[in-house]
Amino acid sequence: MVAVNVCVVGCGYVGLVSGAGFAETGAVVRCVDVDEGRVMRLNRGEIPIFEPGLGEMVKRNVEVGRLSFSSDLDSAVRESTLVFLAVGTPPREDGSADLSAVFAAAASVAKAATQRTILVLKSTVPVGTNRRVREIVKNAPAPIHVVSNPEFLKEGDAVNDFLRPDRIVIGCEDGDEIARSTMTQLYHPLCLDKDRILWMDPASAELTKYVANAMLAMRISFMNEVAELCEKVGADIHRVRRGVGSDSRIGLQFLYAGPGYGGSCFPKDVAALAHSGREAEVYLELVHATAKVNDKQKQVLPRKIKASLGADLGGKRIAIWGLTFKPKTDDIRESPALSLIDALLDSGAEIVVHDPEGMPNVRAIYGERLRYASEAYEAARDADALVLTTEWRQYQQPDFPKLKKLMRNPRLFDGRNIWSEYGLHSQGFEYTGIGIRENQKNAQ
Ligand code: NAD
């Protein structure tokens, strides 16, 4: 069997992982990006994002000649049977997805194609985009089949998710046997143990992606609301989570209360789904409520900190552990840590931050308005409070006596409830989590 030739447009979190992933399964993959600096770094062997296992997979496949990077879209398209669009779809002011990069890339592909091409929409795009892209490419000199294949990988475990997906959703027009057989061949190596492909029409595939993310976000928002109730009625969100999630119809995942969800997907996808609903004149109550609860939740940590230290934080030094929206990524997009930083800066606090991977991205936004500690304990030195916002493994079981000695005032705000079982009150800390019984000891 001859290798499948694939072009991936966009070398971000999704494009890079998908490109390297397809190469890993035997395809010949040409990744292109408009960001020439990014392409140059990739060609020097540098990985522009932090994603566990990605560097090794890229290196392996570049070395055997199955993976390459360039900014020459035309020749990459001409060499390829399949062209994946993995460009960004950021939110617009009104919550809708900005599709300009998708449409621009689709138009470039249509211009460049000289042979039959399967154009695959991997970016997260609202229902109806497949149809609009078909309009854009319909007068191309070569036949172009437009397929929707949303990506479900999660940052931090993206390589594993790509190579062992729960499912592969493919939206394809009825009767398009060419697209169907080409996609089947491409994904065959990922379906050796079982067929993971779910075939559907493009609109259903597009909607599936948004509904999946909104459903996960909704679970988090619901637990965040329940956490507030726990604090008022003397219950503990940990125990409620275990009690509820043990029901096999519910499951334990995505039921953690915390500082609010963030990341490049949940906030924007929830907003875009709400927008799609508005356009279709269906008001999606639960989707709107999910976003509203999350906005509110992002203020919970600042509120708890001010309740303890006072509304005016002038002269107070606050240490923050964890800046990325979750562990094992360098992605800080919509991270709740950023809302926290903004609120604390507004109240005059001096902020010292630490994160294993996220500091360069945060520095690019805040510059010298923050201090950046090269080591976690260093951030806590002389601090009036330490706030944990991201549960990186290295923060999970710190040396508390050492922290107590270093800090000016031993106050801990645990945005992930991971220190709640350590009896920190009896060790002389003021300890505050989210929706847990330990909080009541502060009030005693
Ligand atoms: P990203 O911002 O990391 O990467 C996008 C890349 O596309 C950038 O490198 C950019 O330079 C490039 N680009 C933009 N316009 C281009 C063009 N016309 N031609 C070539 N390159 C172009 O974005 P991402 O996080 O990889 O997300 C991409 C899409 O995948 C989004 O729609 C997102 O919602 C979706 N998605 C993301 C994740 C995730 O965890 N990040 C998971 C599933 C789906």
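What follows is a walk through two helix pairs, one helix start and three buried residues in a predicted model. Because the model is predicted, local features are taken at pLDDT of at least 70 and side-chain atom pairs at pLDDT 80 or more, while totals for chains, interfaces and linings use all residues. Residues are numbered from 1 along each chain as its sequence is written, and side-chain values use heavy atoms, with hydrogens and water left out.

Two packed helices are described by the angle between their axes and the distance between the axes. Here, helices (H or I, at least four residues) and strands (E, at least two) are DSSP runs, numbered from the N terminus. Axes are lines fitted to C-alpha atoms, for helices over the stretch in contact, and angles run from 0 to 180 degrees between N-to-C directions.

Take helix 14 (residues 336-346) and helix 15 (residues 359-366): they pack at about 40°, and their axes lie 12 Å apart. That angle makes helix 14 oblique to helix 15 (under 35 degrees is roughly parallel, over 145 roughly antiparallel, 65 to 115 roughly perpendicular, and the rest oblique). Helix 14 goes past helix 15 in a right-handed crossing, the near helix being turned clockwise from the far one by less than a right angle; anticlockwise would be left-handed. On the helix 14 side, the contact (heavy atoms within 4.5 Å) uses Leu338, Ile341, Asp342 and Leu345, and helix 15 brings Val362, Ile365 and Tyr366. Sorted by class, that gives six nonpolar residues, no polar ones and one charged (Ala, Val, Leu, Ile, Met, Phe, Trp, Tyr, Cys and Pro count as nonpolar, Asp, Glu, Lys and Arg as charged, and the others, Gly among them, as polar).

Helix 5 (residues 100-112) and helix 6 (residues 129-137) pack at about 35°, with 9 Å between their axes, and their crossing is right-handed. Val102, Phe103, Ala106, Ala107 and Ala110 of helix 5 meet Thr129, Arg132, Val133, Ile136 and Val137 of helix 6. The class count for this contact is eight nonpolar, one polar and one charged.

Helix 2 (residues 36-43) has an N-terminal cap in Asp35, where a side-chain oxygen sits 3.1 Å from the backbone nitrogen of Gly37. Just after helix 2, Gly45 adopts a positive phi of about 90°.

On to single residues. Ser420 sits in the loop between strand 13 (411-414) and strand 14 (430-432), and it counts as buried at 7% relative accessibility (buried is under 20% relative accessible area, exposed over 50%, partly exposed in between, with a 1.4 Å probe and protein chains only). Its side chain makes a polar contact of 3.0 Å with the side chain of His238 (a pair of N or O atoms within 3.5 Å; within protein, one must be able to donate a hydrogen and the other to accept it, and residues adjacent in sequence count only if both atoms are side-chain atoms). The Ser420 side chain also reaches the backbone oxygen of Asn417 at 3.4 Å. Not counting residues up to four places away in sequence, Ser420 touches His238, Asp414, Tyr431, Ile436 and Glu438.

Leu190, in the loop between helix 8 (177-187) and strand 8 (197-200), is buried at 6%. Thr25 is 165 residues away along the chain, yet the two C-alpha atoms are 7.7 Å apart. Beyond four places in sequence, the contacts of Leu190 include Thr25, Phe162 and Arg196. Pro267, in helix 11 (residues 266-279), is buried too, at 17%.
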